[in-house]
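Got your viewer open and ready? Let's take a short walk through this model, one selection at a time.

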Amino acid sequence: MAKKQRKQTAQAAATPATVALTAAGTSFTVHSYEHDPSHPSYGDEAAEAMGVSPDRVFKTLVAEVDGALTVAVVPVAGSLDLKALAAAVSGKKAVMADPAAAERTTGYVRGGISPLGQRRKLRTVLDESASAHPTICVSAGRRGLEVELAPGDLAALTDAVLAPIGRA
């Protein structure tokens, strides 16, 4: 059965991420879909529900680089290269963060962590493949809610470093 998907205004889907985008005057589109808790992948589910190529839908992962929480934003079509992430921030070693620590620090739940509007702004690395697209989609701060925006706007709002951190 096809999932329902619709575009919403920022006011109808207010999250810290959409509030931050609105406050910055950034152009964006909100996409909403019915989240299926049994789906094995939040990112793949978002791409399928929105009918968008998985190359344009980016997942937000939280890792620890030399003990400091760091956000990695990579396409859902691939995975995160932890060594490349560490190198991108001049670190030595990266490991995935404890999910509870990621949720506590960002203010979002797993599967809905957005690189925008986090409780505590973390250093962010955006996979350089984002630059190949006029717009990309990232979590808007809850499962079933995505924002579509220009990758340059995302990088500017998060002070992101662009680096090759994703792998196919």
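First, a bit of vocabulary: two strands pair if DSSP finds at least two bridges between them, and strands here are DSSP runs of E with at least two residues, helices runs of H or I with at least four, numbered from the N terminus. You're looking at a predicted model, where local features need pLDDT of at least 70, side-chain atom pairs count only at pLDDT 80 or more, and totals for chains, interfaces and linings use all residues. Residues are numbered from 1 along each chain as its sequence is written, and side-chain values use heavy atoms, with hydrogens and water left out.

Select residues 145-149, which are strand 9. How many of its 5 residues are buried (under 20% relative accessible area, 1.4 Å probe, protein chains only)? The count is 5 of 5. Leu145, Val147 and Leu149 lie on one side, Glu146 and Glu148 on the other.

Now add strand 8 (residues 136-142), which runs antiparallel to strand 9 over 5 bridges. Serine 139 has glutamate 146 as its bridge partner there. In the hairpin, 2 residues sit between the strands, and glycine 144 takes a positive phi near 90°.

Next, show strand 2 (residues 29-33), joined to strand 9 by 4 bridges, also antiparallel. Here threonine 29 is partnered with glutamate 148.

Finally, pick Val62, Leu126, Val138, Val147 and Leu154: they have the most contacts inside the largest nonpolar core, which has 26 residues. Such a core is a set of buried Ala, Val, Leu, Ile, Met, Phe, Trp, Tyr and Cys residues joined through side-chain atoms within 4.5 Å. Helix 1 (16-24) and helix 5 (151-158) are among the elements supplying at least two residues each.

Methods: Buried < 20%, exposed > 50% of the residue type's maximum accessible area, 1.4 Å probe, protein only.
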